[in-house]
Amino acid sequence: MIKKSNVCDEAPVEMKVNGEKLVTFMCTPSDLTDLAVGHLYTRGILKNKSEIMSIAACKDLKMIAAFVSGKIQDEVFTIPKVVLSGCGSGALFDEKVMNKEAIVFNKTIDMDRIKKVTRDMMDGAIMYKTSGGMHCAGIGNPEGKFLVREDIGRHNAVDKVIGAAINKEFLLEESIIVTTGRLSLDMVLKAVGAKIPVVASLSIPSSLSVELAEKLGICLIGRIGSLNPVIYTYENRIKK
């Protein structure tokens, strides 16, 4: 018999920005402020934390209301309006992303440090381990601080942990993000938006995400939980 306590929590949560509907997330309704900040940041609506005037989230009402400074481009409020838990980030792919400025990162990171972030993520992945149907994402900064967030959607989990890191004032440009989900194109776009130079996963990337990561300066690592992780791009950044 299936226990209801093991069923993944999923609900529609609507987010309005400056009074206008931006998106409805199909997500696990927790850490909603982090989700909002991360989503706005990875979509390029926010450039830094100081642009946030206020964010209020209510789990019971399934609503997020954000007010940000500056004018938002009208096309930001166009489709898609719903971010599904099992699909991509909801961002429309535009060939112009291939012309974005590549991330420059001239330091090296120990593989042991990435492995530790992975272990910390799994230690903190309570819902992931109890339900078997969740995703989680972790982020570690150069000072050794770590954050983890979970969601039924892999892209939501990444938005949540990036938002949490921004709220905690992590230096994203020198941080590492690790996820349980596959590294598809939308995940690379989120890393580019957050300027995170190294992205690792328990799973593997797609061919298009490898191509984009190579062009835009993202080091992609797959099978990070195995004895022999696979470094797909920018192997020179990783000290084994």
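## Report on a predicted protein model

Asn141 is buried, with a relative accessible area of 5%. This value belongs to a predicted model, as do the other values in this report. Because the limit for a buried residue is under 20% relative accessible area, Asn141 falls in that class. The residue is found in the loop between strand E7 (135-140) and strand E8 (146-151). Leaving aside residues up to four places away in sequence, Asn141 touches Arg113, Phe170 and Ser175.

The two strands beside this loop also belong to a sheet. E8 and E7 begin the order E8-E7-E9-E10-E11-E12 of an open sheet of six strands, whose pairing is mixed. E8 and strand E12 (230-231) are the edge strands, each of which pairs on one side only. Within the sheet, E9 and strand E10 (residues 198-201) run parallel and are joined by four bridges. Val178 has Ala200 as its bridge partner in E10.

Strand E9 (176-179) also takes part in the lining of a cavity, together with helix H4 (154-167) and H5; each of these supplies at least two residues. A search of the whole structure finds one cavity of 30 Å³ or more, and the volume of the largest cavity is about 50 Å³. Which residues line the largest cavity? They are Val158, Ile162, Ile177, Thr179, Leu183, Met187, Lys190, Ala191 and Val199. H5 gives the most to this lining, namely three residues. By character, the lining comprises seven nonpolar residues, one polar residue and one charged residue.

Helix H5 (185-194) is also a packing partner of helix H6: the buried residues of H6 pack against H5 and against strand E11 (219-222). In H6 (residues 207-216), the buried residues are Ser209, Leu212, Ala213 and Leu216. Seen down the axis of H6, these residues fall within an arc of 100°, so they line one face of the helix. Just after H6, Gly217 takes a positive phi of about 85°.

Strand E1 (residues 11-17) shows an alternation of side chains. Ala11, Val13, Met15 and Val17 point to one face and are buried, whereas Pro12, Glu14 and Lys16 point to the other face and are not buried. What is the sense of the pairing between E1 and strand E2 (residues 20-27)? The two strands pair in the antiparallel sense, over seven bridges. In this pairing, Pro12 stands opposite Met26 in E2. E1 also runs parallel to strand E4 (residues 63-68), to which four bridges join it. Ala65 in E4 is the bridge partner of Lys16.

The hairpin of E1 and E2 has two residues between the strands, and Asn18 takes a positive phi there. A positive phi in a residue other than glycine is found for Asn18 and also for Arg223. The table sets out these two residues.

| Residue | Phi | Loop | Relative accessibility |
|---|---|---|---|
| Asn18 | near 55° | between E1 and E2 | 32% |
| Arg223 | near 55° | between E11 and E12 | 42% |

Are these residues buried, partly exposed or exposed? Asn18 counts as partly exposed at 32% relative accessibility, and Arg223 is partly exposed with a relative accessible area of 42%. Both values fit this class because it covers the range between under 20% for buried and over 50% for exposed.

Key
Residues numbered from 1 in each chain as written. Predicted model: local features only at pLDDT ≥ 70, side-chain atom pairs only at ≥ 80, totals over all residues. Heavy atoms only, no water. Buried < 20%, exposed > 50% of the residue type's maximum accessible area, 1.4 Å probe, protein only. Arc of directions from axis to C-beta. Contact = heavy atoms within 4.5 Å. 1 Å grid on protein atoms, 1.4 Å probe; cavity = no way out; pocket = protein on both sides within 12 Å on 5 of 7 lines; lining within 4 Å. Points joined across faces, edges and corners; volume = space filled by probe spheres on them. Nonpolar A, V, L, I, M, F, W, Y, C, P; charged D, E, K, R; others polar. Pairing = 2+ DSSP bridges.
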